[in-house]
Amino acid sequence: MRKILSFNPVPLPARNTPMDEKALILVLGDQLTLEKGALKGARPGRDTIIMAEVMEEASYVRHNRHKIALIFAAMRHFRDALHEHGFSVIYFQYEDGKASLLEAVQAALESCEADVVRCCEPGEWRLSSQLRRWQLPVPLQLVGDDRFLVSPEDFSDWAQGRKQLRMEYFYRNMRKKYDLLLDEDGAPEGGAWNYDARNRKGWRNSEELPERPGADIDATTAEVLDLVEREFPDHPGDLSRFYLGVTPTQAETHFQWFLEHALPRFGTYQDALAEESPWLFHSLVSMYINIGLLDPLQVCRRVEQAWREGACELAAAEGFIRQVLGWREYVRGIYWLTMPEYASRNSLGAQRPLPEWFWTGETGMRCLEAALRQTLDLGYAHHIQRLMVIGNFALLAGLDVEQVCAWYLAVYVDAFEWVELPNTLGMALHADGGLMASKPYAASGKYIQRQGNHCKACRYDPARVTGEGACPYNSLYWHFIHRHREGLETNPRMGLTVRNWARKEPGEQATILQWADRELQRLAPEE
Ligand code: FAD
Ligand code: DLZ
């Protein structure tokens, strides 16, 4: 019998808090939820809260300026909300010059009486292992993160003994456990668990794109934007286009806008690529969920409710819920199941240096340039841009896995390693030996042409494989298949492609491989 994930969202370790114990509660920049994590059971008047904008967290990668601004502005607004709830908060602003969270906590301990330091388990292995090495004059208590719907322990129980881990089965369990999109008999609404096949339409510029709400910039946020502009001159991000909400209320406004204006088309155009819009009908809520401004379960329930009220089709609601309830929780499970070893995997031996144009966007390839420019300027690209445009190029070209992952961690506003790494290393680069995906997401220019309208305006032709003006994705695709043909021919989902390659005349193969080598040298030189 299959194991069912235990229903209780994230059992926190039993905490026997003596009534007179005073805690110094460290709240990290992506833990901004009242009454969850380390703030669960916190007592105003007795416990003190510490929050700190610190150099180490702001610069462990070259974070997009939108991300730093989002985190600092959201932290400052959260501090104000804590004050309103009667809490005493020690808050270090970036200008206070604290280098690290440890330094901030040590300084806070000198100015308050605390018997214990309490923190919710950090989302990234890097910080989690650092915290465990801290030497403090009082004990450090780490509590589980109850903003996720499955704890790492429950995920590990589910994974144990399975020959192969597949998101689809995990997701079905989650639907049952959280009673989402089930009919009265507990069967999936509409009779199927997955409506992905209906969610793959290409963009032909045939729909009007609704205008998105902008940012609501108050004095606190404006101050942060100035600070980030001044202090992080070498980081990507055009802050004159700041578009993010920084409080739960603002995040809710953006989500409500999505429900009303974009959800009805979300499913249909989930995989589409468009010249006209960086976001199409996507929700733009990952950053809010990831830092605690929106609750993942509530977001799913609201989408289900929208469908039940007739506001969208089942395929749209199911598609969205699968991403949040399924993929988001699944990748976190994979991360904690396999770290720290996962980060060093490179099963396809990809080692080409990351080209400099990843930081400028200048490639001349219309789809790639659009995806990179919006990534660098706004810190946002939707899933298909991350996977099938940028990630696909990195996969086909065999770019160095560590460098590609570090780039993804830096450039997106929603990037935290627990979600970035399995998506990049596993899903996009297929470097984890097939743990995340049963086949590499490798595609030629034809896929990109089918999904959108970039190719029409591009100098490269998706119908040509070699010669000046041929779309580079085409020859690189065959180069990839050729390089990895031995490993791929036994993969049931790739065998046919390998056989198609083998059927080509040796002369044609040689021409394609030579052209691809030339393209690789031009676009991703080895030195
Ligand atoms: P929508 O398309 O509107 O989807 C709804 C929500 O579903 C998202 O907000 C997100 O919470 C969730 N979701 C969708 N797909 C995934 C997924 N594969 N994994 C986890 N959650 C998912 N997501 C991040 O939050 N942070 C990252 O650093 C990140 N890096 C990625 C790197 C690569 C190479 C790839 C292929 C995907 C990455 N994703 C990441 C997943 C996904 O692309 C983003 O969550 C999504 O594009 C965010 O935009 P949105 O809110 O408009 O999402
Ligand atoms: C991402 C980020 C940034 C840019 N700055 C801070 C900060 O100054 N202080 C803080 O507490 N948290 C910050 N964060 C979020 C942390 O990096 C995040 O908590 C860890 O990566 C664990 O997920």
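How many bridges join S1 to strand S2, and in what sense do they run? I looked this up before anything else and found three bridges between S1 and S2 (residues 48-52), which run parallel.

**Conventions.** I am working from a predicted model, in which local features need pLDDT of at least 70, side-chain atom pairs count only at pLDDT 80 or more, and totals for chains, interfaces and linings use all residues. Residues are numbered from 1 along each chain as its sequence is written, chains are lettered from A and ligands numbered from 1 in the order in which they are written, and side-chain values use heavy atoms, with hydrogens and water left out.

**Strands S1, S2, S4 and S5.** I note that helices (H or I, at least four residues) and strands (E, at least two) are DSSP runs numbered from the N terminus, and that two strands pair if DSSP finds at least two bridges between them. Besides S2, I checked strand S4 (residues 116-120), which pairs with S1 in the parallel sense over four bridges. I then followed Leu26 across both pairings: its bridge partner in S2 is Ile50, while in S4 it stands opposite Cys119. Leu24 of S1, for its part, stands opposite Val117 in S4. S4 is also joined to strand S5 (residues 140-143) by four bridges, and these two strands run parallel; here the bridge partner of Cys119 is Leu142.

I next looked at where the side chains go, with buried taken as under 20% relative accessible area, exposed as over 50% and partly exposed as in between (1.4 Å probe, protein chains only). In a regular strand the side chains alternate between the two faces of the sheet. From S1 (residues 23-26), Ala23 and Ile25 point one way and Leu24 and Leu26 the other, and all are buried. From S4, Val116, Arg118 and Cys120 point one way and Val117 and Cys119 the other, again with all buried. Because five of the five residues of S4 are buried, I record this strand as largely enclosed by the rest of the structure.

**Ligand 2.** Which residues come nearest to ligand 2? Of the 20 residues around ligand 2 (near means that a heavy atom of the residue lies within 4 Å), I listed Gly29, Asp30, Ala52, Val54 and Glu57 as the nearest. I then went through its polar contacts, each being a pair of N or O atoms within 3.5 Å; within protein, one must be able to donate a hydrogen and the other to accept it, and residues adjacent in sequence count only if both atoms are side-chain atoms. An N or O atom in the side chain of Asp30 is 2.7 Å from an oxygen atom of ligand 2, and for the side chain of Glu57 the corresponding distance is 2.6 Å. A polar side-chain atom of Glu124 lies 3.1 Å from an oxygen atom of ligand 2. Taken alone, ligand 2 exposes 480 Å², and the protein buries 100% of that (areas by the Shrake-Rupley method with a 1.4 Å probe; for residues, only the protein chains shown count as cover).

**Ligand 1.** Around ligand 1 I found 27 residues, of which His282, Ser283, Leu284, Tyr380 and Asn423 come nearest. A polar backbone atom of Leu284 is 2.8 Å from an oxygen atom of ligand 1, and a backbone N or O atom of Val285 lies 3.0 Å from an oxygen atom of ligand 1. An N or O atom in the side chain of Asn423 is 2.9 Å from a nitrogen atom of ligand 1. On its own ligand 1 has 810 Å² of accessible area, and the protein covers 99% of it.

The elements giving two or more residues to this shell are helices H9 (286-291), H11 (314-338), H13 (383-397) and H15 (417-428), with the largest share, six residues, coming from H15.

**Backbone and one buried tyrosine.** A cis peptide bond joins Met339 and Pro340, with omega about 5°, and Pro340 is found in the loop between H11 and helix H12 (366-378). Glu35 has a positive phi of about 65° although it is not a glycine; this residue lies in the loop between S1 and S2 and counts as exposed at 60% relative accessibility. Lastly I checked Tyr473, which is found in helix H17 (residues 472-483) and, at 1% relative accessibility, counts as buried.
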